[in-house]
Amino acid sequence: MITHTTVATSVDAMLDDLRTLVKTESPSRHLDALDASARAVAGVIENRLGGRAVLVPSEAGPHVHWSGGGEPKVLILGHHDTVFPLGTLERRPFKVEEGRVTGPGVFDMLGGLVQAIHGLALLDDLSGVEILVTADEEVGSRASRALIEERALACGAVLVFEGAADGGALKTGRKGCGTFEVSITGRASHAGLEPAAGVNALVELAHQVLDIAALSRPEIGTTVTPTVASAGTQDNVVPAGATVFVDVRVESPEEKERVESAFAALAPHVDGAVVSVQGGVGRPPMPESASMQLMALARSLQPGIEGRAVGGGSDGNLTAALGVPTLDGLGAVGGGAHADHEYLLVDTMAERARLVAGLVSAIRTQ
């Protein structure tokens, strides 16, 4: 069991720690950068909470796990990888100006990590609390999923520190999400001399894109969106290959099954073309029922705080699918996730940290 002296919430101290994390750039899949980032996260945790933060190696980079000892009761869940390539910090440095913090990853989700850690530092007893900060959330959580699920089931309640919804609302539901890759194999030929001798993969791709887009059912929350396509090699060659990536979002398990079955059943329109499909809805939907109990606790601590279902996915989808009570969006209040205008509102940091402390205390006494 870890105990320490309770300290008052210091926004200046939170900003110092946030600066440390942002300046340690952490693009997904960059193993050296993620190793440095994991060590920086572990250092902040140990400095503020005591104990030892363990680096858990994986093929995607190190995850960070910390325990306050005792019987597990609540899992603080986040990630330290970001979508921004190395060098972004030079172009967009960490800044605090006019009540806003800017810099790569401040909203998604380094600010949330700092607020969670400082919120826990307000408690004089950290028994029953675990922190898991993963290295691959932005690229699908394939290397961390088993560990996330293991610790969520062991703890029995999960607080996710992704950025808040608009206006600071907590995230009470999320769509299931995934990416499909549809590849077409055709046959090359000279586009001028023997166009009929080829099998045009680009023409087949055009048919497939229309079939795929028709799978959307926005009236029930299902979106199927072709996003990135490529085909061909030269402007005088019938394309022998083509590929399209497709973003899929669904609100129900039934729609997940329908869409996945439809992708598996895609058939060629052009004679001789071959269609192959990879991927799936890797993060199942997070129903609002998964957050009801914890959202009620949040409202008892902070009357008037709103909850909202959103389209994006997170690791909270994985824990909610296990039946573990999960509340998301507890992180930074701001906006611009994955964009150059990403920002965090300074005057919300202390209140969010206090909400963490209150939720953890309430969960442990249930």
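A salt bridge is a side-chain nitrogen of Lys or Arg within 4 Å of a carboxyl oxygen of Asp or Glu. Searching the whole structure turns up 16 of them.

Some ground rules before we look around. This is a predicted model, where local features need pLDDT of at least 70 and side-chain atom pairs count only at pLDDT 80 or more, while totals for chains, interfaces and linings use all residues. Residues are numbered from 1 along each chain as its sequence is written, and side-chain values use heavy atoms, with hydrogens and water left out.

**Three salt bridges**

Here are three of the pairs, with the N to O distance for each.

| Pair | Distance |
|---|---|
| R19 and D16 | 3.1 Å |
| R151 and E150 | 3.1 Å |
| E306 and R308 | 2.9 Å |

How open are these residues? We call a residue buried under 20% relative accessible area, exposed over 50%, and partly exposed in between (1.4 Å probe, protein chains only). R19 and D16 sit three residues apart in helix α1 (residues 11-23), about one turn of the helix. Helices here are DSSP runs (H or I, at least four residues), strands are too (E, at least two), and both are numbered from the N terminus. R19 is partly exposed because its relative accessibility is 28%, and D16 gets that label with 41%.

The next pair is mixed: R151 is buried at 14%, whereas E150 is partly exposed at 45%. As for the E306 and R308 pair, E306 is partly exposed at 45% and R308 is partly exposed at 29%. Elsewhere, R91, R92 and D340 are joined into one network by salt bridges that share partners.

**A buried charge without a bridge**

Which side chain of opposite charge is nearest to E138? That would be R283, but R283 is 7.1 Å away, and E138, though buried, has no salt bridge. (For charge, Lys and Arg count as positive and Asp and Glu as negative; His and the chain ends are not counted.)

E138 belongs to the loop between β6 (129-134) and α5 (145-155). Its side chain does make a polar contact of 3.2 Å with the side chain of H338. A polar contact is a pair of N or O atoms within 3.5 Å; within protein, one must be able to donate a hydrogen and the other to accept it, and residues adjacent in sequence count only if both atoms are side-chain atoms. If we skip neighbours within four places in sequence, the residues in contact (heavy atoms within 4.5 Å) with E138 include D81, D108 and H338.

**Two helices**

Now for α6 (residues 201-213). Its 13 residues should span 18 Å at 1.5 Å a residue, and the end C-alpha atoms are indeed 18 Å apart. The expected span is 1.5 Å times one less than the number of residues. A201, E204, L205, Q208 and I212 are its buried residues. They lie on the same side of α6 because their arc around the axis is only 100°, taking the directions from the helix axis to the C-beta atoms. These buried residues pack against β9 (176-185), β10 (223-231), β11 (241-250), α7 (253-264) and β12 (274-283). At the N-terminal end, N200 acts as a cap, with a side-chain oxygen 2.9 Å from the backbone nitrogen of L202.

Helix α2 (residues 31-49) has 19 residues and an expected span of 27 Å, which agrees with the 26 Å between its end C-alpha atoms. Its buried residues include A33, L34, V41 and L49, and among the elements covering the buried residues are α1, α4 (106-120) and β6. Just after α2 comes G50, with a positive phi of about 80°.
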